[in-house]
Amino acid sequence: MIKSINPYNQEIVYEVAEFDRKEVENAIDRADTQYAIWKEIPFSERSVLMKAAGQELRKNAREYAEVITQEMGKPITQALAEVEKCAALCDYYAENASKMLADKIIETEAHKSYVSYEPIGIVLAIMPWNYPFWQVMRFAVPALMAGNVAVLKHASNVMKSAMSIEKIFDRAGFPAGCFTNLPIGSKMVEEIIKNPKIKAVTLTGSEAAGRAVAAVAGNEIKKTVLELGGSNALVVFADCNLQKTVKTCVQARFQNAGQSCIAGKRLLVESSIAEEFTKAFIEEVGKLRSGDPLSEETTIGTMARVDLAEELEKQLQDALDKGGEVLLGGKRNKAYFEPTVIGNVTTDMSIFKEEVFGPLIGITTFKDEKEAISLSNNSPFGLGVTIFTEDFEKAFRLVPIFNEGAVFVNELVKSDQRLPFGGTKNSGYGRELSQDGIQEFVNKKTVYINKY
Ligand SMILES: O=CCCC(=O)O
């Protein structure tokens, strides 16, 4: 059995029997049969179904949000926001997919030459628990609109979310086999990737998982999109709007209890304002309210599993051993980790070098622009960075120097269906969302027609 356990009260939320090899094979066969039909369905019909999926999400938003909250501990208000974001995504691709995948005429010597964007078949998605609906929908919605079909291997602690997503597509009227959840553990993934009916793989998750999956898929010559970890810097220049910057930094680090690949994880502050900023930051972090994640009052939830909170504790201890100072928080009770701020953070500490996937942030100071950029770029990850400054000339000048997938100015790094999303370095490759995302899993077919 695969079980989800509520990290807030340790109660079992859901149990499902793991598929055996035969059941997995049957599910993939069914998806493949459906693909032959689905790829011929016109965009207008796919759009109607995708709009219905968005309506279904909105109609039963509370039901779905409670599943998210119970399975991984995020506050209900944040779970509701996640559900709404998924609904907006459905609308976006329902309205734009046909334009994004329209033939692209390219003038050459030919009578006519163009690129057509054709579906490729079944795409396997391996997805994490931190945004259990959003991460899946972010892949599935454009994939389905492009004429592909999807099979999902979700994280084992959010299987009820996985089943619920299958239900959403079913309730919206998608034919069976368009979207299939496979209740399985990681052991079967290699075999699934090797199945000739699987044409590509997308993974959002850890660097280790990304390497393992890409190795198998690479050997099979199957395309992968990888969205892996991150260690985004929040670079606070002395000429920022201090009050607004503090609020944005708190949100960037502590939403979703810090369990987001694009969370601001390294707080870099110009020395001249470090004291004033740190005081205001700690005060703002202190306003976060813990409690029952199902209560509307709660603004910071538990972490998703006790072992994840234990890992975070080890990273904290490493920082303390190397001279870090607890400025706020630092304690853990089962899966609940207090919002924690550490001062005197240096580049040799794990909380600077590694991804910190929880409600803990370290503060490092810098003396000038050059040092700020060097600290920010000094990471094996490259999802994004936020810089805070009121000097736009400086902002535009600095943007090209950051070796990241995204640079945000005076705003937390966030995903938006209209903008490409993805990283550089060990944060992965490929892009999700926007036109770039829907064009990842298509055959960009070159057509050249000559007239003698
Ligand atoms: O965990 C990373 C993704 C979070 C998001 O897309 O907002």
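The protein I am presenting has 15 helices and 22 strands. Helices here are DSSP runs of H or I with at least four residues, strands are DSSP runs of E with at least two, and both are numbered from the N terminus. This is a predicted model, in which local features need pLDDT of at least 70 and side-chain atom pairs count only at pLDDT 80 or more, while totals for chains, interfaces and linings use all residues. Residues are numbered from 1 along each chain as its sequence is written, and side-chain values use heavy atoms, with hydrogens and water left out.

First, the overall form. The C-alpha trace spans about 70 × 60 × 40 Å along its principal axes. The radius of gyration is 23 Å, which agrees with the value near 22 Å for a compact globule of 452 residues. That radius is taken over C-alpha atoms, and the globule rule is 2.2 Å times the number of residues to the power 0.38.

Of the 452 residues, 56% are buried. Buried means under 20% relative accessible area, exposed means over 50%, and partly exposed lies in between, with a 1.4 Å probe and protein chains only. Among contacts between residues at least 6 apart in sequence, 73% join residues at least 24 apart; a contact means heavy atoms within 4.5 Å.

Next, the sheets. Strands of a sheet pair through backbone hydrogen bonds, either parallel or antiparallel. Two strands count as paired if DSSP finds at least two bridges between them.

One open sheet has 3 strands in the order β3-β4-β22, with antiparallel pairing. Its edges are β3 (104-105) and β22 (442-449), each with a single partner strand, so one side of each has no neighbour in the sheet. Between β3 and β4 (residues 112-119) there are 2 bridges in the antiparallel sense. Ile105 has Tyr114 as its bridge partner in β4.

Now to strand β5, residues 122-127, where 6 of 6 residues are buried. Which way do the residues of β5 point? Ile122, Leu124 and Ile126 point one way, Val123, Ala125 and Met127 point the other way, and all are buried. Strand β5 pairs with β6 (residues 149-154) in the parallel sense, over 6 bridges. Within that pairing, the partner of Ala125 in β6 is Leu152.

Two residues of β5 come up again at Thr204, which lies in strand β8 (residues 198-204). Leaving aside residues up to four places away in sequence, Thr204 touches Ile126, Met127, Pro128, Gln135, Arg138, Glu227 and Glu432. Thr204 counts as buried because its relative accessibility is 5%.

Last, two backbone angles. Most residues other than glycine have a negative phi. Lys334 has a positive phi, near 55 degrees, and Ser434 has a positive phi near 60 degrees. Where is each placed, and is it buried or exposed? Lys334 sits in the loop between β13 (332-333) and β14 (336-337), and its relative accessibility of 51% makes it exposed. Ser434 belongs to helix α15 (residues 434-438), and at 3% relative accessibility Ser434 counts as buried.
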